[in-house]
Amino acid sequence: MSSKERPTLGGTRIKTRKRNIAAPLDPATFADAVVQIYLDNAGDLELIAKSIESSDLNFSRYGDTFFEVVFTGGRTQPGTTKPDEGERHPYSIIDCEPNRVAVLPSVIYIQKILRRRPFLIKNLENVMRRFLQSLELFEENERKKLAIFTALTFSQKLSGLPPETVLQPLLKDNLVAKGLVLSFITDFFKEYLVDNSLDDLISLLKRGKMEDNLLIFFPSAKRSAESFSEHFTKEGLVPLVEYNEKKIFEVKLKEMKSALTTQIADDTDISEVIETVKQRVKDAKLPDIEVVRILWDVIMDAVQWSGKNQQQNANAALRQVKAWAQLLNTFCTSGKLELELLYKVQIQCYEDAKLMKLFPEIVRSLYEQDVLAEDTILLWFRKGTNPKGRQTFVKALEPFVKWLEEAEEEE
């Protein structure tokens, strides 16, 4: 007998993997299906969200198309905001009233969708970025709706939406030049601050990498502190104006401190250093008190300290005071400024252990170099208001004050 197997009539069964064929299979049909859900539920976002949840629509493939329908009521032509062929619905963000009451439901609705399908956050980013880069294609009230929507997405902490990928696209030169960005960001600020503090806004801008220079929103011809103040004061955002003024002030102080640090480290001629300070004070309109504080910080920061050797530290500090006394004297032009310098010395000696015992010697050196007047020292000694180390320093300064008082009596 042959061992060969006989053929059978049963054939061979080939196992095939079942496929979940999602419908529809193209963006246009997908958009029409989403629009139909809107129409079937007469714009009721609660019912629409439930219908979308139970549908077999392929969101992983057509996420961008979905958000186009949410924003504009239907598909948009590639590279534009113009309607493409197909069904549309009248319940979109662009079609609602330009106020938070009308826009907020859409934000909450999108939040619900994202909780079920968190991967759609990238599609939301894509569509928002594209629309914000195309602000000139929208009408003024449509841009306002987009600004309100954007503010509310961050105010409501919409799942995972990163500020930098949404706000950075605004900074296209042509949009800034036309003033569209300034108008948009103004509406955005006003809406966001309804529910949030200025600190929250600044934190948001920091995460969006836009906080360092708020003038970037202004057309180049209006990019000045004065224009910033005028615009946002008129829009009722005075706290933002105050914040920006403080920020500019801090930057100018930092720049002056950096320049002085370099000059003093390089042992630049003192007359040149004085001119540098005068010019920066004039250009930046810096307050005299801040100038005095910075001068003292820079002078003492440049001291070459010698670790634990107290006498060497004392000698180094006193040499520095003597070397730069003329610089201090040039800008300590009143009793008030001299007293401010004395308070500055007091605080530094209190906070720096190696300077704790040097307070009376530094004060005496400043007196001998004509930086501090006798009246200023006596006023501090008798009525000084800063409590940091005061009792210790008053006691340490008693011999010098006694000497001043005796000299005064002899005169």
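This briefing covers one helix pair and the largest pocket of a predicted model. Local features need pLDDT of at least 70 and side-chain atom pairs count only at pLDDT 80 or more, while totals for chains, interfaces and linings use all residues. Residues are numbered from 1 along each chain as its sequence is written, and side-chain values use heavy atoms, leaving out hydrogens and water.

**Helices α14 and α17**

- Helix α14 spans residues 288–301 and helix α17 residues 335–351 (helices are DSSP runs of H or I, at least four residues, numbered from the N terminus).
- Their axes come within 9 Å and cross at roughly 40 degrees (axes are lines fitted to C-alpha atoms over the stretch in contact, with angles from 0 to 180 degrees between N-to-C directions).
- α14 is therefore oblique to α17 (under 35 degrees is roughly parallel, over 145 roughly antiparallel, 65 to 115 roughly perpendicular, and the rest oblique).
- From α14, Asp288, Ile289, Val292, Arg293, Trp296, Asp297 and Met300 meet Lys336, Leu337, Glu340, Leu341, Lys344, Val345 and Gln348 of α17 (contact means heavy atoms within 4.5 Å).
- This contact of α14 with α17 has 7 nonpolar, 1 polar and 6 charged residues (Ala, Val, Leu, Ile, Met, Phe, Trp, Tyr, Cys and Pro count as nonpolar, Asp, Glu, Lys and Arg as charged, the others, Gly among them, as polar).

**Largest pocket**

- The largest pocket (an open set of points on a 1 Å grid where a 1.4 Å probe fits, with protein on both sides within 12 Å along at least five of seven lines) has a volume of about 230 Å³, the space filled by probe spheres set on the points.
- Its lining (residues with an atom within 4 Å of a point) includes Glu245, Phe249 and Asp283.
- α12 (238–265) is among the elements giving two or more residues to this lining, and gives the most, with 4 residues.
- The lining residues divide into 4 nonpolar, no polar and 5 charged.
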